[in-house]
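Here are a few exercises on helix packing, burial and contacts. Grab your viewer and work through them one by one.

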Amino acid sequence: MSRLGGTQVLATAQVKRTAADHAAVLNFGAAKRSKLSAVAVTEINEIENMTDTAATTTDTQKRANFSALTVGNPNGVNKISPSLASAKPGTARKLVIKNFKNKPKLPENYQEQTWEKLQEAVIAIQTSKSIRYSLEELYQAVENMCNHKMASTLYTKLTRLTEAHVQANIEQFLAESMDRHIFLKKMNECWQSHCRQMIMIRSIFLYLDRTYVLQNPSILSIWDMGLHLFRVYIVLNNLVQTRTVEGLLMLIEKERQGDTVDRTLLKSLLRMLSDLQIYQDAFETKFLVATERLYAAEGQRLMNEHDVPEYLAHVDKRLQEENERLLHYLDASTKWSLIHTVEKQLLSEHITSILQKGLSGLLDENRINDLSLLYNLYSRVKNGLVELCLNFNSYIKKKGKTIVIDPEKDKTMVQELLDFKDKMDNIVNTCFHKNEKFANSLKEAFEAFINQRANKPAELIAKFVDCKLRAGNKEATEEELERLLDKIMVLFRFIHGKDVFEAFYKKDLAKRLLVGKSASVDAEKSMLSKLKQECGGGFTSKLEGMFKDMELSKDINIAFKQYAGNLQSELSASNLDLTVSILTMGYWPTYPVMEVTLPPEMVQYQDVFNKFYLGKHSGRKLQWQPTLGHCVLKAWFNQGNKELQVSLFQALVLILFNDADNLSLEDIKAATNIEDGELRRTLQSLACGKARVLQKNPRGRDVADNDRFVFNADFTNKLFRIKINQIQMKETNEEQKATEERVYQDRQYQIDAAIVRIMKMRKTLSHNLLISELYNQLKFPVKPADLKKRIESLIDRDYMERDKDNANEYNYVA
């Protein structure tokens, strides 16, 4: 097959493809151009064909086309002599190049004839008819015209022809009455046809596009020229543009109302506006105005009709729908403006209303999913999270205050605070993505409301810890108890009056250690280490001293048992076993001294221990505290023997019934010397409680002056060792105030010490600076008036003095 024939087949195969295969046509054009370039070079250098057959034939004149120029050799070069063909490898070859004998010429009327052919082809494309000529032939015609300086005329004529066709298409869109949907379909068909036609026309005139247009930057490419004409004569027509945009807005509004619409049609027409560069001016502005109007009305209506969870779900749904529209047919440049408009009308305009109407309900009901959605939506709008954080803070303060302030909730206060803190922590971590601002706001809110009721929360937290660390607490494993203590420490950090906590915690810890009620020594020491880590060694030094006393007491008791064992012959009651706890007075709470009458056997053992201990530690003084003592008694009943675990006062009362069966209140009081109120509670626990080892006459819950008591020999119980609890006297307001007074007194000492410490270091200081330094050093809340009183007190005691020249300044007195 000849070279030209092969090219012809390639061209036909490419042109028959659709407009989408535009790149293939470009390759064909490039191939042709390279061939033509070779011919042009031959012409410029005046290459002479070496054979006689190179003359222009009759057939060439008829075709009047460079492609018809036939030469003996396609390169225009022939072998010089047969000897060269048989030359040995490596020998030099000589080529002689000569000019054409006659310069090729175009036939007359070539321009007119070629344009008629091209015009016919273009009109056939525009009217969807078949083309009489091959596309290769048409392409070659365009190429030849361009090479012979006819490109400008060719481009002008093509523009006019395209313009006339586009102008003719406008009439179908100017009808007075036409359904919007039908109008949009017609517009889309017209646009699609125009694009297909321009792609086909461009493939024929590709050489013109690649040479003349590229060399003249001011001239539009054939494709852009087609778009420009369509924009000018059709889309920029006021009536056509208005109908098109209104139709598009109508379809989008229908879709927003829930109807199904042709998204392909929307996509095609919006792409048309974008390609014609009028998307922003003609469509986007009106579209955003319509969007704003729709969602403004919808937001107002739904805020009144729906609850907050439903409204938030609706907003989220709307945002997803608009994002889908952007994905399917809207231009990407619209995204920010569209989403911002929706967020503004549905969220920004109602930020405060949504929070006031529904945040409390969502938090009360622990609506995790709804709160997560609320956070995600508010994070999209300006100041949304700031408002959410402020309202979250206000909710915590309001809710927490109801827990702390109400005295009726004192019994459950700490557990409610722990549950509330867990709930809020979960919301911050899960719904608010562990946002640091929300976490800090949560801490600030807890600290604010928990200190609105002075001292009481600290006291109740200490009692709660005592309840959980007692041996009777079977509710939790060691791991669960450790986690609970960690949570309690979080509440402890919020308390300003930590010294109040220390006072009550020390009192309860003393009971647990002395009575042996501590659930776990490890748990006790773990709590102690937490307090030490939080408040420093000074805070826990006394508590650590209490543990140290208990450990030393164990060693002392082991040594005492050995000592007492050597004195068994001298002791009258060999079956008595005495265990003593030695308490350092500075570490332990202050207990009232109460003198009671002990049996001789107990007194003897006390004297032996006094001798033993003071013999080892000379200079020390022992003070016995009967209020803290407890005993295990062996008792014989008709139904069998039992062991009774009782307090020392209960034991003193029961031992009296070894020598008498019937005793009055006065008899018991005289024999034991126990304080009247304590004695009545003791008898009440023995005769009116669950384990009634005594019987009271007459029967009743309270002990009267003339009551008599009888040993209950018929007492029964399924347990061998029975613990008889002492009736606890309820803490009266006076005792409560006494504890608070002790704390207050301790605070006075701390304030005095801090003032002296500061003045000793500074020597001279103004009143305001001294107050500021004190607030930095003191760990508990204090009023400026109280500080002023302590300063005056120290001036009276000559620790410091006012400056003679400046009454607002103090000097340290050495």
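Before starting, a word on angles: helix axes are lines fitted to C-alpha atoms over the stretch in contact, and angles run from 0 to 180 degrees between N-to-C directions. Keep in mind that this is a predicted model.

**Exercise 1. Describe how helix H12 packs against helix H15.**

Step 1: find the pair. H12 covers residues 238-256 and H15 covers residues 308-328.

Step 2: get the geometry. The two axes lie 12 Å apart, at an angle of about 140°. Angles over 145 count as roughly antiparallel and 65 to 115 as roughly perpendicular, with the rest oblique, so about 140° falls in the oblique class. As for handedness, H12 crosses H15 in a right-handed way.

Step 3: list who touches whom. H12 brings Ile 252, Glu 255 and Arg 256, while H15 brings Arg 318, Glu 322 and Arg 325. Sorted by class, that is five charged residues, one nonpolar and no polar.

**Exercise 2. Do the equivalent job for H22 and H24, and say which orientation class the pair belongs to.**

Step 1: locate the helices. H22 is residues 456-469 and H24 is residues 498-515.

Step 2: take the angle. Their axes come within 8 Å and cross at roughly 25°. The cut-off for roughly parallel is under 35 degrees, which makes H22 roughly parallel to H24. This crossing is right-handed.

Step 3: go through the contact. From H22 you'll find Ala 458, Glu 459, Ile 461, Ala 462, Lys 463, Val 465, Asp 466 and Leu 469; from H24, Val 500, Phe 501, Phe 504, Tyr 505, Asp 508 and Arg 512. The class tally is nine nonpolar, five charged and no polar residues.

**Exercise 3. Zoom in on Ala 458: is the residue buried or exposed?**

Step 1: place the residue. Ala 458 sits in helix H22.

Step 2: check the accessible area. Its relative value is 2%, and buried means under 20%, so Ala 458 counts as buried.

Step 3: look for partners. Beyond the neighbours within four places in sequence, Ala 458 contacts Ile 495, Gly 497, Val 500 and Phe 501. Phe 494 is 36 residues away along the sequence, with a C-alpha to C-alpha distance of 9.7 Å from Ala 458.

**Exercise 4. Zoom out: what share of the chain's residues is buried?**

Step 1: count elements. The chain has 33 helices and nine strands.

Step 2: read off burial. Of the 814 residues, 43% are buried.

Step 3: look at the surface. About 45,300 Å² is exposed, with carbon and sulfur atoms supplying 50% of it.

Terms used: Residues are numbered from 1 along each chain as its sequence is written. This is a predicted model: local features need pLDDT of at least 70, side-chain atom pairs count only at pLDDT 80 or more; totals for chains, interfaces and linings use all residues. Side-chain values use heavy atoms; hydrogens and water are left out. Helices (H or I, at least four residues) and strands (E, at least two) are DSSP runs, numbered from the N terminus. A crossing is left-handed if the near helix is turned anticlockwise from the far one by less than a right angle, and right-handed if clockwise. Contact means heavy atoms within 4.5 Å. Ala, Val, Leu, Ile, Met, Phe, Trp, Tyr, Cys and Pro count as nonpolar, Asp, Glu, Lys and Arg as charged, and the others, Gly among them, as polar. Buried means under 20% relative accessible area, exposed over 50%, partly exposed in between (1.4 Å probe, protein chains only). Accessible areas come from the Shrake-Rupley method with a 1.4 Å probe; for residues, only the protein chains shown count as cover.
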